[in-house]
Amino acid sequence: MAKLHYEGYGNEPATVLVREKLGSANVYAKNAQSILNKATGFINAYDFTLNPYRGCQYGCSYCYAAAFSPNSKMRQDWGNWVIIKQNAAEVLGKELANWDKKHPGKPASIYMSSVTDPYQPIEAKQQLTRQLLEVMVSYQPTLVIQTRSPMITRDIDILRQFQRLRINMSIPTGSESVRKDFEARSPSIKARLHAIGTLKYSIPCDDNHEARFSVTVTPLLPTLPDEQAYFISRLEVADRVVVQEFHASNGRSLVASTREDALVLKRKYAWWYDDEEKSYQQFMAKLACLLMDVQIMEGKEGFGYE
Ligand code: SF4
């Protein structure tokens, strides 16, 4: 397939045009050939990953997904563009019907999303993730949703209908000042904690519904010493807390890699990062001490459904 050229990112005549501006982001729309991608690497326990969008307006400083941008200019401008997969719901319906035909009685397992946030700001208007949930619910896949957005509570009416659901709320730090440095455009910690509580108490957990809730403290960012105990106590709302260090930074495209922006920021937090391993272990020890009834997991295993 011919390489696509995105308006504003390159000297060649653009083959994909800006549809609109949303905040600082260029919004593009295009059709996807497929929407369920074979899950590999970190999340290869799933059958598929599902990314309604490409790009992410949250633009977190450490985001490894930037490595999967369409070109190097877009990689550098991570957070300032998003591509809507406009036919995603239609394609998903066909792909799930196909899976069902080939694997009767074995619903697919799906991780949404691996390289975007399905509830980034554009979702408020676009409702593409909501459309995908509407398609999925009739096939009852095992579904894991990874987000840092309280917007997910908008879809409680559909989420309640899934039989095997895990929601991972990403909260890498308990300190607002640290959040503002590393992920300035993301929702507040308070809003995320409130959202995971709302989800937990609104989605049934009974013989027909196995709803589970994780907080992913990934990558583990510093939490100020006098805020750690309070933050950890708030994590009790989850049945699982997942901790993970930064991805390695290798600067290659198509390989998950921590962005340079985060590496620069790490220098500001020398009190934590000068001995990163020690900070990590001390935080893990506090989790173990303070969260008696919560499963604490590290790295890849923590991202599974079970
Ligand atoms: S919300 Fe997730 S996908 Fe989006 S920029 Fe942040 S880490 Fe990357």
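**Exercise 1. The ligand shell**

Task: State how the residues of the shell around the ligand divide into nonpolar, polar and charged, and name the residues that surround the ligand.

Solution. Step 1: The shell residues divide into five nonpolar, two polar and two charged. Here Ala, Val, Leu, Ile, Met, Phe, Trp, Tyr, Cys and Pro count as nonpolar, Asp, Glu, Lys and Arg as charged, and the others, Gly among them, as polar.

Step 2: The residues around the ligand are C56, Y58, G59, C60, C63, W78, T116, D117 and R148. A residue is near a molecule or strand if one of its heavy atoms lies within 4 Å of it.

A note on the model: it is predicted, so local features need pLDDT of at least 70 and side-chain atom pairs count only at pLDDT 80 or more, while totals for chains, interfaces and linings use all residues. Residues are numbered from 1 along each chain as its sequence is written, and side-chain values use heavy atoms, with hydrogens and water left out.

**Exercise 2. The eight-strand sheet**

Task: Give the order of the eight strands in the open sheet and state which strands stand at the edges.

Solution. Step 1: The order is β3-β4-β7-β8-β9-β10-β11-β12, and the pairing is mixed. Strands (E, at least two residues) and helices (H or I, at least four) are DSSP runs, numbered from the N terminus; two strands pair if DSSP finds at least two bridges between them.

Step 2: The edge strands are β3 (36-38) and β12 (295-298); each has a single partner strand, so one side of each is left without a neighbour in the sheet.

Step 3: On average, neighbouring strands of this sheet are turned by 25° against each other, direction ignored. Axes are lines fitted to C-alpha atoms, for helices over the stretch in contact, and angles run from 0 to 180 degrees between N-to-C directions.

Step 4: Two helices lie across this part of the fold. Helix α2 (residues 88-102) crosses β3, β4 and β7, at about 55° to β3. Helix α4 (residues 128-137) lies across β4, β7 and β8 (142-147), at about 170° to β7. Strands β4 (residues 48-50) and β7 (residues 109-112) run parallel and are joined by two bridges, with F48 facing its bridge partner I110 in β7.

**Exercise 3. Strand β10 and its neighbours**

Task: Describe how β10 is joined to β9 and to β11, and how many of its residues are buried.

Solution. Step 1: β9 (residues 164-170) and β10 run parallel, with seven bridges between them; N168 stands opposite S214 in β10.

Step 2: On β11 (residues 240-243), β10 pairs in the parallel sense over four bridges. T216 has V242 in β11 as its bridge partner.

Step 3: β10, helix α8 (residues 228-234) and β11 make a right-handed β-α-β unit. Right-handed means that, with the strands pointing away from the viewer, the path from the first strand over the helix to the second runs clockwise.

Step 4: β10 (residues 210-217) is mostly covered, with six of its eight residues buried. Buried means under 20% relative accessible area, exposed over 50%, and partly exposed in between (1.4 Å probe, protein chains only).

**Exercise 4. The four-strand sheet and V27**

Task: Give the order of the four-strand sheet, then place V27 and state whether V27 is buried or exposed.

Solution. Step 1: This open sheet has the order β1-β2-β6-β5, with mixed pairing. At its edges stand β1 (18-22) and β5 (53-54), each with a single partner strand, so one side of each is left without a neighbour in the sheet.

Step 2: β1 and β2 are antiparallel and pair over four bridges; K21 stands opposite N26 in β2.

Step 3: V27 lies in strand β2 (residues 25-30) and is buried, with a relative accessible area of 0%. Not counting residues up to four places away in sequence, V27 touches L17, V18, R19, E20, L22, V82, I84 and I122; contact means heavy atoms within 4.5 Å.

**Exercise 5. Unusual backbone values**

Task: Find which peptide bond to a proline is cis, and which residue in the loop between α3 and α4 has a positive phi.

Solution. Step 1: Most residues other than glycine have a negative phi, and most peptide bonds are trans.

Step 2: The bond from T218 to P219 is cis, with omega near -10°, and P219 is in the loop between β10 and α8. Another cis bond joins M112 and S113, with omega about 15°.

Step 3: Q127, in the loop between α3 and α4, has a positive phi of about 55°. Q127 is partly exposed, at 32% relative accessible area.
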